[in-house]
Amino acid sequence: MTEPPLKWGILGTGWIAQRFTEDLLLLPGHTVSAVGSRVPETAETFAWQYGVERAWGSYEQLVADDEVDVVYVATPHTFHFAHAGLALEAGRPVLVEKPFTANATDARRLVELARDRGLFAMEAMWTRFNPLIARLRELVADGAIGDVTSVYADFGTNAPYDPAHRLWSPELGGGALLDLGVYPLYFAWMLLGAPETVQATAATAPTGVDANTGIVLGYASGAVAVLHCSLTSDSPCTAVVNGTKGRIEVPSPFYSPHTLVLRREGAEPETFHLDVLGNGYGYQAQEVARRLRAGETESPVMPLDETLAIHGNLDTILARIERQAALSSRTPV
């Protein structure tokens, strides 16, 4: 028998909610049943634009909607804990936009709530579900480039400075690391796991958030990951995985690739192509549907324990950046 469509509720109406909804509308077996906003008119406009059946003028009304099977939390990450928690308390599984929460403590509390309620929860690290990234992981696991020795990845954009904008506001979880740096960090973690050592440095904006950040992760194997994120310049947004027998190049944008290039000693380069579906967000929605229909509460591709571990790493990096900023601001005696 054909499975009934998975009915999504969209919590939030901003840019990322719009892009995700556009991709849901391309997928068979998925429908957008409802949208919620703090402002009724905003929800109504979103519903009209995307053909959504019901528009709710509060998040509480959205998560109480019995026609919603799963809630996509698309608000800024400083609100993820409250809004995902609201959905879980109402008995709704959640897909929570990255980063999962603003800090490791809130991430742990949210995971505990999902597990206590026996509900599905997943961080929306959409890169993990791109078929070319899955192919990259297979190539590495099969030894196509030997042992991984280093990973390079960067994501930078030249964002106009505006203290009130969420990217530059500490109250809204601004900074390069939490908005862009999570992509290089999750990419390296996907291939090398938890690091043994963490080094970080950053130039900070007048508001105090990190604006141009470099990270070096060290591993017991001898491998290193060199990562960069920035709000001050448009960087290549590429990634490279180097190994003892070759390398895999991921052209821009590495977080949603259309191409991979495998270069091995003594062999012609191999290129892998993908016609990305829509904006690239639909692959994670398909994963959510697979797990929910199987009665599972987590994804093995983006497991909650890995989300928790990486959030601990993010806290460590931010603490080192803040300590560096505090030391550099001291006036010499």
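This briefing walks through a few parts of the structure above, one topic at a time. Keep in mind that the model is predicted. We start with strand β1 and its partners, move on to the nonpolar cores, then visit the residue R92 and finish at helix α8.

**Strand β1 and its partners**

- Strand β1 covers residues 6–11, and 5 of its 6 residues are buried, so the strand is mostly covered.
- Strand β2 (residues 30–36) pairs with β1 in the parallel sense, over 6 bridges.
- To find this pairing in the model, look for G9, which stands opposite A34 in β2.
- Between these two strands in the chain comes helix α1 (residues 15–24), and β1, α1 and β2 make a right-handed β-α-β unit.
- β1 also pairs with strand β4 (residues 70–73), again in the parallel sense, over 4 bridges.
- Here the residues to look for are I10 and Y72 of β4, which stand opposite each other.

**The nonpolar cores**

- In soluble globular proteins, nonpolar side chains tend to be buried together.
- The largest nonpolar core in this model has 89 residues, and W8, I10, L136, F187 and V241 touch the most other members.
- Helix α7 (residues 176–192) gives this core its largest share, 14 residues.
- A second core is separate from it and has 22 residues, including Y59, A84, V111 and A121.
- V241 has contacts beyond its neighbours within four places in sequence, among them L136, V140, F187, L191 and I248.

**R92, an arginine in a loop**

- R92 lies in the loop between α4 (80–89) and β5 (94–97).
- Is R92 buried or exposed? R92 counts as buried because its relative accessibility is 10%, and the cut-off for buried is under 20%.
- A polar atom of the R92 side chain lies 2.8 Å from the backbone oxygen of V63.
- The side chain of R92 also reaches the backbone oxygen of V68, at 3.5 Å.
- Leaving aside neighbours within four places in sequence, the contacts of R92 include A64, D65, D66, V71, A87 and L119.

**Helix α8**

- Helix α8 spans residues 282–293, which makes 12 residues.
- From its first C-alpha to its last, α8 reaches 17 Å, close to the 16 Å expected at 1.5 Å a residue.
- Which residues of α8 are buried? They are G282, Y283, Q284, A285, E287, V288, A289 and R291.
- After α8 comes G295, which has a positive phi, near 75°.

Definitions and conventions. Residues numbered from 1 in each chain as written. Predicted model: local features only at pLDDT ≥ 70, side-chain atom pairs only at ≥ 80, totals over all residues. Heavy atoms only, no water. Buried < 20%, exposed > 50% of the residue type's maximum accessible area, 1.4 Å probe, protein only. Polar contact = N/O pair within 3.5 Å; in protein donor to acceptor, adjacent residues only side chain to side chain. Contact = heavy atoms within 4.5 Å. Core = buried A, V, L, I, M, F, W, Y, C linked by side-chain atoms within 4.5 Å. Pairing = 2+ DSSP bridges. Right-handed = clockwise from strand over helix to strand, strands pointing away. Expected span 1.5 Å × (residues − 1).
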